[in-house]
Amino acid sequence: MTPDVWLWPLFFVAIATGYALGRYEGRRRQRKRMTGLSRDYVRGLNFLLNEQPDQAVETLVNSLEVGEHTLETHLALGRLFRKRGELDRATRVHQHLLAAGSLPVDAREDVELELACDYMAGGLFDRAEMIFQRMVERDSRHSVTAMHKLLSLFEQERDWNNALAIGEKLVRRDDSVAPVLAHYCCELAAGMTRDDERNAARRTLRRALTFDPQCARASFLQGRLELNAGNPENALRAFERLYEQDAVLFDEALDDVAACYDELDRESDLVEFLTRCSVERPSTGVILKLAERLRARYGERQASLFIAQYMKAHPSVRGLQRIVEMNLDDTEGQTREHLDILQRLTDRLLAEQSSYQCHACGFEARSLHWQCPGCKQWGTVRPAEAQADSPAHGPIAGPE
Ligand SMILES: [Zn+2]
């Protein structure tokens, strides 16, 4: 046997021994880790039982080695803390994960997103914004979520310019935000109008309509702006567009519409326009406004009969109140007393009634909010009366 051949068996024995030793060492390490884990786990549980939750979190988090298999557990724990409002603990879990430093890029981004959400929930907007902006710049796989979060963050800070800057990027990836961007423009324009910057407001309202051609709020603001600027014809064009976009919101502008026609000295055109509205899309607001004009022409009795006809199909407290008011002067004795009582009753009912309601979350309000204070959605708060109206009712006949 040559020396070379003699060495072969020894070579195989060495490999087998190495393999066996390796397996033994692996098992020994795993046993050791399990012992460490269970010891930390028991310590954590003891802290919990002794009502020392801070130490419990620290110990339990440290007992879980950061790795592919434990990442989800850590993230679930962090989210749970955030949901319970325990933001310090949620932040600590996420910072611990990032400090471990051995996470792959995707996992690291998951953790960063969670940490930014912790900061945002805790009102640490600067820190949250920094992380979200970095995700957008890097075009991370969470960049769309980060942009949505930034929109919500800037909304809370009422920073409409920054909200629009992010929104312009987001709308290319998610066009469902376009109507919201139109509302941001309206917020900006309302501020400009208050500051007497009419031309800037006009430009911004046109921008709103490019985001969302159906933005009724933009038409509403345009109408008011032009009316106050002494341009009733331009105002009427905006209000007529508003009527086509959203007949329910149009009722909110009825006083302004009437003011435009009055300024142009076109009373009969107003009556004609209101009559058309009352036939096409009747509402208590339109009927009362029309009755107000009919009273001047035909007297109280005709006007109250007109309202009463509408009320047969669309009973409302506001309509009843108006009929009572119109009939008060013509009555005396016991009937007058009864009408007085009815008037007080309708006044009280109207005072107690919420005029607006969010159709998304049910939030009730006394005034019109463009963003619901309850669920924070835009354009969901509507006049409560309009929601109660049944679409099954047909139009009523116009005045003769
Ligand atoms: Zn709501």
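Reader: Hello! Which residues in α8 are buried?

Author: Good place to begin. Keep in mind that this is a predicted model. In helix α8, the buried residues are Trp160, Ala163, Leu164, Ile166, Gly167 and Leu170.

Reader: What do the buried residues of α8 pack against?

Author: Their packing partners are two other helices, α7 (143-156) and α9 (178-194).

Reader: How far apart are the end C-alpha atoms of α8?

Author: The idea is to compare an expected span with the distance in the model. Helix α8 covers residues 160-173, and at 1.5 Å a residue its 14 residues should span 20 Å. The end C-alpha atoms are 20 Å apart, which agrees.

Reader: Where does α8 bend?

Author: Look at Gly167, where the helix bends by about 30°. Gly167 is also one of the buried residues of α8.

Reader: Let's try another helix. How many residues of α19 are buried?

Author: The count is 0 among its 20 residues, so α19 is hardly covered. This helix runs over residues 333-352 and reaches 29 Å from its first C-alpha to its last, close to the 28 Å expected at 1.5 Å a residue.

Reader: Arg336 is found in α19. Why does Arg336 count as partly exposed?

Author: Here we count neighbours. Arg336 has 13 C-beta neighbours inside 10 Å, and therefore counts as partly exposed; a residue needs 20 or more to be buried, and 12 or fewer to be exposed.

Reader: Which residues does Arg336 touch?

Author: Leaving out residues up to four places away in sequence, Arg336 touches Leu328 and Thr331. You can also check its distance to Val324: the two are 12 residues apart in sequence, and 9.8 Å apart in space from C-alpha to C-alpha.

Reader: Now the strands. In what order do they form the sheet?

Author: First the general idea: strands of a sheet pair through backbone hydrogen bonds, either parallel or antiparallel. In this model, 3 strands form an open sheet in the order β2-β1-β3, with antiparallel pairing. β2 (364-365) and β3 (381-383) stand at the edges with a single partner strand each, so one side of each has no neighbour in the sheet.

Reader: How many bridges join β1 to β2?

Author: There are 2 bridges between β2 and β1, the strand of residues 356-358. To find one of the pairs, start at Gln357: its bridge partner in β2 is Glu364.

Reader: And the whole protein: how many helices and strands does its secondary structure come to?

Author: It comes to 20 helices and 3 strands. Of the 400 residues in the protein, 32% are buried.

Conventions: Residues are numbered from 1 along each chain as its sequence is written. This is a predicted model: local features need pLDDT of at least 70, side-chain atom pairs count only at pLDDT 80 or more; totals for chains, interfaces and linings use all residues. Two strands pair if DSSP finds at least two bridges between them. Helices (H or I, at least four residues) and strands (E, at least two) are DSSP runs, numbered from the N terminus. The expected span of a helix is 1.5 Å times one less than its number of residues. The bend at a residue is the angle between axes fitted to the seven residues ending there and the seven starting there. Two residues are in contact if their C-beta atoms, placed from the backbone, lie within 7 Å.
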